[in-house]
Amino acid sequence: MFRLLKKLTSKKDREDPNSSLSQIKTHMVTLNEKATALPDLYSEEKEKIASICEIVRGIKPETNPTALKFEHNILERLTTAHYSCSQAIIGRKGDEFKKDVASLAHAVKQRTVFEK
């Protein structure tokens, strides 16, 4: 059964585990898990992160150079969001965290243009 499924999946739809998209998906799940430790003050950001995580799960691999540039941008935003999330958990830089989540959402939105 697995072989049949593998044959039905095009090469474009298969994801290289070392690709930037694969890294984005992994780090997004980690950020989503980390966000559960945030105080209730950040409930809106928690929901936004969960929503972004769902969107990212649905992104398919793309070879377009612009899409790859957007993926690189998402990775940068994820790194920043992870750091500011940690800071928000310990009670520092809450406003910065809110901005970083919004910036991450925007970067993901740019990449989803290629999903049509």
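This report describes the fold, confidence, salt bridges and helix details of a predicted model.

## Basis of the model

Residues are numbered from 1 along each chain as its sequence is written. Because the model is predicted, local features need pLDDT of at least 70 and side-chain atom pairs count only at pLDDT 80 or more, whereas totals for chains, interfaces and linings use all residues; side-chain values use heavy atoms, with hydrogens and water left out.

## Overall architecture

The chain contains 5 helices and 0 strands, in the order α-α-α-α-α from the N terminus. Helices (H or I, at least four residues) and strands (E, at least two) are DSSP runs, numbered from the N terminus. Of the 116 residues, 34% are buried; buried means under 20% relative accessible area, exposed over 50%, and partly exposed in between (1.4 Å probe, protein chains only).

Contact means heavy atoms within 4.5 Å. Among contacts between residues at least 6 apart in sequence, 78% join residues at least 24 apart. The chain exposes about 7600 Å², of which carbon and sulfur atoms supply 55%; accessible areas come from the Shrake-Rupley method with a 1.4 Å probe, and for residues only the protein chains shown count as cover.

## Confidence

The predictor's confidence in each residue is given as pLDDT, from 0 to 100. The chain has a mean pLDDT of 88, and 84% of its residues reach 70 or more. Among the elements, helix 3 (residues 43–57) has the highest mean, 97, and helix 1 (residues 2–8) the lowest, 43. Over residues 1–13 pLDDT stays under 50, and the model has 6 contacts beyond four places in sequence for this stretch.

## Salt bridges

The structure holds 2 salt bridges, each defined as a side-chain nitrogen of Lys or Arg within 4 Å of a carboxyl oxygen of Asp or Glu. Side chains of opposite charge can pair when their charged atoms come close. One bridge joins the side chains of Glu54 and Arg57 at 2.3 Å, N to O. These two residues are 3 apart in helix 3, which means that about one helical turn separates them. Arg57 is partly exposed, with a relative accessible area of 47%.

In the other bridge, Arg111 pairs with Glu71, and the closest N and O atoms are 2.9 Å apart. This pair links distant parts of the chain, with Arg111 in helix 5 (residues 94–111) and Glu71 in helix 4 (residues 65–89), 40 residues apart. Arg111 is buried, at 0% relative accessible area, and Glu71 also counts as buried, at 2%.

## Helix 4

The expected span of a helix is 1.5 Å times one less than its number of residues. For the 25 residues of helix 4 this gives 36 Å, in agreement with the 36 Å between its end C-alpha atoms. At the N-terminal end, Asn64 caps the helix, with a side-chain oxygen 2.7 Å from the backbone nitrogen of Thr66. Gly91, whose phi is positive, near 95°, follows helix 4.

Within helix 4 lies Ser84, a buried residue with a relative accessible area of 3%. Leaving aside neighbours within four places in sequence, Ser84 is in contact with Glu96, Phe97 and Asp100.

## Helix 2

Helix 2 (residues 20–35) has 16 residues and an expected span of 22 Å, which agrees with the 22 Å between its end C-alpha atoms. Its buried residues are Leu21, Ser22, Ile24, Lys25, Met28, Leu31 and Ala35. The cover over these buried residues includes helix 3, helix 4 and helix 5.

Conventions. A polar contact is a pair of N or O atoms within 3.5 Å; within protein, one must be able to donate a hydrogen and the other to accept it, and residues adjacent in sequence count only if both atoms are side-chain atoms.
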